[in-house]
Amino acid sequence: MQALLSFVFTLALMLAGMPLLRRAAIRLGWIDRPNHRKVHQAPVPLAGGIGIGAALMAAVLLQMPSLLVSPQLAAILSGAYTLLVMGAIDDRKEVPALYKLVIQLLCAWAVVQSGVRIDSLYGLFGIHELPEWAGAALSVLVIAGTVNAYNLMDGVDGLSGTLALLTLGAMIFISNELGVPEWNWLSAAAMGAVAGFLFFNFSKRHKVFMGDAGSLFLGFLIVSGGIQLIGVSAHTPGSGGVWVVWLIIALLFVPVFDSLRVYAERRRMGISPFTPGRNHLHHLLLQWGWTHVQISIFIAFLVAGLAG
């Protein structure tokens, strides 16, 4: 019931507050303007990510301030909001890629130092327990890599938001099975905020984008939360642990694999992997004549199929 109330609370905040944020973004110049790389044809306010972060923070402070007492959750939320601020700055005035990467790595390292880390591969490649240094390094790379993958998937209307809804819903299921009420509540509150964003993201008259602020924020929250739930499952009697690992991997596989594919393709072309382009999966589907809604639904079903 508390999770349901949190979902309704953040959804209501987004529906009521997004028109105000949208107007403020237009006045302040927080606008995503069309260019040769982008698929939209008119300027769109970049208010979605800020709205999602604000709604979730309001829910935390008003409904579950005790979350901030946990060192792990405090580190995850601090890292997520640091990336939200960095993403908002990048949306307004481009931040060099190296600076963004360094900040992502530092945020990931702070989460790992709080105790959220990968300490086993659960038999993958024949590897089980990892040395502490190897687990820490792998965790930082996984967090930073997944955050960038989520950011790169934000290329058509509804895609990042739909994937976030699907993944957060799965995290509610996992946290229920493992008896982790804080992630049950936090995932539900984040879902409400994302659902409110999608209402405006799909709108023709009042459209908003989440921008880098939103995609970096959600990516960090989801991958860090997923790693924490994997750690909980490994120490929960009777849970087995492995099913949680594979479910989290399945949920993140499509954006991560697509990013790795694009990076490899750019390296073969002799250009930087970080060079912007239009060769991600959603770009290819657009070239085949698919609509934004069709692409979002197809990729969501693809992820759901892998997770199922």
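This is a short walk through the structure above, from its core to its charged pairs and its empty spaces. Keep in mind that the model is predicted.

Let us begin inside. In soluble globular proteins, nonpolar side chains tend to be buried together. Here, the largest nonpolar core has 85 residues. Ile52, Trp183, Leu186 and Ile299 are the members with the most contacts inside this core. Helix α7, which covers residues 181-201, gives the core its largest share, with 12 residues.

Which residues does tryptophan 183 touch, once its neighbours within four places in sequence are left aside? Its contacts are Leu73, Ile76, Met171, Ser175, Leu221, Gly225, Gln228 and Leu229. Try finding tryptophan 183 in the structure and looking for these partners around it.

Now for the charged side chains. Side chains of opposite charge can pair when their charged atoms come close. How many salt bridges does the structure hold? There are 5 salt bridges, and we can visit some of them in turn.

One salt bridge brings together the side chains of lysine 100 and aspartate 90, with 3.1 Å from N to O. Lysine 100 sits in helix α4 (residues 97-113) and aspartate 90 in helix α3 (residues 71-92), so this pair ties together parts that are 10 residues apart in sequence. Are these two residues buried or exposed? Both lysine 100 and aspartate 90 are buried.

Another salt bridge joins glutamate 132 and arginine 117, whose closest N and O atoms are 3.9 Å apart. Glutamate 132 belongs to helix α5 (residues 132-152), while arginine 117 is in the loop between α4 and α5, and the pair links distant parts of the chain, 15 residues apart. Why does glutamate 132 count as exposed? Its relative accessibility is 62%, and a residue is called exposed when this value is over 50%.

Lysine 207 and aspartate 157 also form a salt bridge through their side chains, with 2.7 Å from N to O. Because lysine 207 lies in the loop between α7 and α8 (211-234) and aspartate 157 in the loop between α5 and α6 (159-178), the pair ties together parts that are 50 residues apart in sequence. Lysine 207 counts as buried because its relative accessibility is 17%. Aspartate 157, at 14% relative accessibility, counts as buried as well. Elsewhere, salt bridges that share partners connect Asp258, Arg261 and Glu265 in one network.

Let us return to helix α5, where asparagine 151 is found. With a relative accessibility of 16%, asparagine 151 counts as buried. Its side chain is joined to that of serine 215 by a polar contact of 2.7 Å. Beyond its neighbours within four places in sequence, asparagine 151 is in contact with Asp212, Ser215 and Leu216.

Finally, we come to the empty spaces. A search of the whole structure finds 1 cavity of 30 Å³ or more. The largest cavity has a volume of about 30 Å³. Its lining is made of Arg117, Ile118, Asp119, Ser120, Tyr122, Ile230 and Gly231. Arginine 117 is a residue we have already met, as the salt bridge partner of glutamate 132.

The second largest pocket holds about 860 Å³ of space. Of the 30 residues that line this pocket, Leu138, Leu141, Val142, Thr146 and Val256 lie nearest its centre. Which helices each supply at least two residues of the lining? They are α4, α5, α8 and α9 (242-268). Helix α9 gives the largest share of the pocket lining, 10 residues.

Conventions:
Residues numbered from 1 in each chain as written. Predicted model: local features only at pLDDT ≥ 70, side-chain atom pairs only at ≥ 80, totals over all residues. Heavy atoms only, no water. Core = buried A, V, L, I, M, F, W, Y, C linked by side-chain atoms within 4.5 Å. Buried < 20%, exposed > 50% of the residue type's maximum accessible area, 1.4 Å probe, protein only. Helix = DSSP H or I, 4+ residues; strand = E, 2+ residues; numbered from the N terminus. Contact = heavy atoms within 4.5 Å. Salt bridge = Lys/Arg side-chain N within 4 Å of Asp/Glu carboxyl O. Polar contact = N/O pair within 3.5 Å; in protein donor to acceptor, adjacent residues only side chain to side chain. 1 Å grid on protein atoms, 1.4 Å probe; cavity = no way out; pocket = protein on both sides within 12 Å on 5 of 7 lines; lining within 4 Å. Points joined across faces, edges and corners; volume = space filled by probe spheres on them.
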